[in-house]
Amino acid sequence: MQSANDVPLDGRTLSISGLLAIASGQAVADVGPAALRFVEARHTRLHEARERGAVYGANTGVGANRHEMTDAGEHGLRLLRSHCAAVGPEEDDITARATMAVRLNQILAGGSGVSRRVAEALATALRDGAVPSLHPWGAIGTADLSALAELGLTLAGERPWRSGNGPVITIDGTDALPMISSSALTVATSILALDQVEELIRASVVVAALSFLALRGNPEAYHPAVHRARAHPGQVEVATLLSALVAGCAPPLRIQDPFGLRVVPQVTAPAIHAARSLHDVLTAELNAAVENPLVTDDGVLHHGQFHTATLAAGLDAVRSAFLPVLSLSSARVGLLMRPDMTGLRAFLADGPAGSSGLMIGEYVVQDVLTEIRVGMQPIAAGTLTISLGLEEHASFATQGARSLRRMTRLAPTLLAAELVAAVRALRMAPGRIPDGVARDAFELAAKDLEPGFDDRPLGTDLEHAVATLPALASLV
């Protein structure tokens, strides 16, 4: 019987939230007998096709060796061994579990032709908490060959499970290529990164509202009439949210604010739109039969469906749209340092003359922002020629996923620097905090930040502010 915290895997209906619950251990992957029977039937079709003629990877070599016929002996294990580079930083448990769940659900879509025992072994490993060692390098957006070969060898008992007692099964000549013909690790990495982006976007709006209050901004910039006049996707939504957050604010100091306050809806909206578009792309990838060759009711078809151009474009779009959100946050940090903007001391300092206050915060922000910018080249612009010239194009979605995830690991420190400054300014001028969600946000952040204004190392405050961002995101 299915329990409340089970997530059904059937190759058709897995959601991103369901995958995240499985990966984090908050839910159990539930594979029904009908899905396993479908896998078994398609495995039979693959064997029948192999008996009738050449089937790529099942009785032939792969890549430039595609015209060479193979024997049925240890071809599968040789293929896994040769494709397992096992280099690069080891993936964490959540990423490894997410990869297994993605690959299992794709197998249940029925296009791989892999044996039922492979699907059952993956389901068992997920249920029992067994985690393989996965090393990412060796993928270019056309399949995570190396990492999935490592997973296949773990299932075959040739590599140890990193934790837990995972199953050991037989991998035969028709299991190996279907096992690795997927971008499951790329998809898993993309989903984990996107989840962070969506949370950080929400948090950034709340932090921006606190900065607005500290700087006594002009709420006319968020008036509904302004944004109805050019209602790009997400823009009215952000403006409405900001209007609610700053409702009851102190009278504005300026007729027109700097861009750091005035264009938050316009800058945040594209990031929201790009994230939602990528969400749709990744939902499709989760439930896709992308293996080459593809086993169908009409036969075994050879194709290029493994090319992840749409995913690569979506990842590029999110990175390019999220960067301006972060650069606008850095602009607000600069505004909060200026006495002509806050009416407070320079750098929000207190104590003897010459105190530096939060001066170093600007340096931290610009350092982090530059680190992010260094990795901003569009991934889809890359080209290559490999495998004796057979493969002359790739999406590089894998690199896009890694870049977005690195961006989400750097961005919290940048937003935290703004949050620390906004909270300090509002502590110095508490009359600028209206009642409502904004006060809730201020109190939520302030309770974990050092209350004093003396010159001191800011590392602890920044760490605490980073830890507060998810809670601020949950307020909106």
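**Entry 1: Phe396**

I began with F396, which I found in the loop between α15 (359-374) and α16 (397-428). The model is predicted, and I read every entry below with that in mind. The phi of F396 is positive, about 60°, although the residue is not a glycine. I then looked up its exposure: F396 counts as buried because its relative accessibility is 13%, and the cut-off for buried is under 20%.

**Entry 2: Ala86**

I turned next to A86, another residue that has a positive phi without being a glycine; the angle is about 55°. I located A86 in the loop between α3 (75-83) and α4 (93-108). Is A86 buried or partly exposed? Its relative accessibility is 21%, so A86 counts as partly exposed.

**Entry 3: a cis peptide bond**

I checked the peptide bond between N292 and P293 and noted that it is cis, with omega at about 0°. P293 belongs to the loop that runs between α12 (264-286) and β5 (294-296).

**Entry 4: the nonpolar cores**

I asked which residues of the largest nonpolar core touch the most other members. This core holds 145 residues, and those with the most such partners are L104, V118, L122, L278, F322, L326 and L419. Helix α8 (residues 184-214) supplies the largest share of the core, 20 residues. I also recorded a second, separate core of six residues, with L46, V55, A58 and V295 among them. As general background, nonpolar side chains tend to be buried together in soluble globular proteins.

I followed L104 further and set aside its neighbours within four places in sequence. The remaining contacts of L104 are with L9, V31, A119, L122, A123 and L126. L122 thus appears in my notes both as a contact of L104 and in the list of core residues that touch the most other members.

**Entry 5: the whole chain**

I closed with the overall values. The protein has 18 helices and six strands. Its C-alpha trace spans about 85 × 45 × 45 Å along the principal axes. Of the 476 residues, 54% count as buried. I looked up how far apart in sequence the contacting residues lie: among contacts with a separation of 6 or more, 78% are between residues 24 or more positions apart.

For the surface, I noted an accessible area of about 19300 Å², with 56% of it belonging to carbon and sulfur atoms. For charge, I recorded 38 positive and 49 negative side chains. The centres of these two sets lie 4 Å apart.

Definitions and conventions: Residues are numbered from 1 along each chain as its sequence is written. This is a predicted model: local features need pLDDT of at least 70, side-chain atom pairs count only at pLDDT 80 or more; totals for chains, interfaces and linings use all residues. Side-chain values use heavy atoms; hydrogens and water are left out. A nonpolar core is a set of buried Ala, Val, Leu, Ile, Met, Phe, Trp, Tyr and Cys residues joined through side-chain atoms within 4.5 Å. Buried means under 20% relative accessible area, exposed over 50%, partly exposed in between (1.4 Å probe, protein chains only). Helices (H or I, at least four residues) and strands (E, at least two) are DSSP runs, numbered from the N terminus. Contact means heavy atoms within 4.5 Å. Accessible areas come from the Shrake-Rupley method with a 1.4 Å probe; for residues, only the protein chains shown count as cover. Lys and Arg count as positive and Asp and Glu as negative; His and the chain ends are not counted. The place of a charge is taken as NZ of Lys, CZ of Arg, CG of Asp or CD of Glu.
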